[in-house]
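Please read the points below with the model open beside you, and take them in order, from the overall fold to the interior.

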Amino acid sequence: MMSKEYVIIVAGGKGLRMGGEMPKQFLPVGGVPVLIRTLMRFREYSPDLSIILVLPRDQQDYWQEIARPYLPSMGAIRIADGGATRFHSVQNGLALIPDDAEGVVGVHDGVRPFVTVEVIRRCYEAARQQKAVIPVVPVVETLRHIPTQKNVMRSDYCLVQTPQVFDIQLLQAANRQPYSDAFTDDASVVEAYGHSVTMVEGNRENIKITTPFDIKVAEAMIND
């Protein structure tokens, strides 16, 4: 079977931290819904990328409505139902990939529309060799360890972003594990399965839009 590239875009948020009823992935930034911007960035990376969008079932009709004007430029997008947790949502997305598929699959937050094509390419290229790759950026703020009430060396830490990209067979196998509260992202699932994760350089603009302040920052980046 020919090696392929997939991405699972996880967009299961209810938008509660936004304080409104509109899920955050549908909020407009620069007149375009956040989720549309995210999908278009991955389509910009590759017209051949197989895109799987994971959405709560009760949001899928609304998605079809807002996506209609953009679909001609985004190509085919398959929809999977959102799960109770991110882990289960990714499982549902993986279910749309054949069990014997060869290649790499990325998992990306639907509310990270500003990942650069260069970072996407860097993650996918590295994953073909390393099998498990995450983009990271340095910590620039001072960090304080609350239990000890002491500052810690920020150079010992980094911020983890997405897309996190994996060998398909590896991620499928790792996601057959029983769920654990320790699964905070896909890298933690793969590490629990026993495989190490390689870090590559991310981009600072690749913010996760979860609050009204993030929307203001996103609008500023679009206007800039």
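**Notes on the fold and its cores**

1. The secondary structure of this protein comes to eight helices and 12 strands, where helices (H or I, at least four residues) and strands (E, at least two) are DSSP runs numbered from the N terminus. The radius of gyration, taken over C-alpha atoms, is 17 Å, close to the 17 Å that the globule rule gives for 224 residues, so the protein is as compact as a globular protein of that length; the rule itself is 2.2 Å times the number of residues to the power 0.38.

2. Please keep in mind that this is a predicted model, in which local features need pLDDT of at least 70 and side-chain atom pairs count only at pLDDT 80 or more, while totals for chains, interfaces and linings use all residues. Residues are numbered from 1 along each chain as its sequence is written, and side-chain values use heavy atoms, with hydrogens and water left out.

3. Of the 224 residues, 49% count as buried, meaning under 20% relative accessible area with a 1.4 Å probe, protein chains only.

4. The largest nonpolar core (buried Ala, Val, Leu, Ile, Met, Phe, Trp, Tyr and Cys residues joined through side-chain atoms within 4.5 Å) has 31 residues, and those with the most contacts inside it include I9, L39 and W63. Its largest share, seven residues, comes from α5.

5. Leaving aside residues up to four places away in sequence, L53 touches I9, L35 and W63, among others, a contact being heavy atoms within 4.5 Å. A second, separate core of 26 residues includes Y6, F87, I134 and V197.

Note on methods. Buried means under 20% relative accessible area, exposed over 50%, partly exposed in between (1.4 Å probe, protein chains only).
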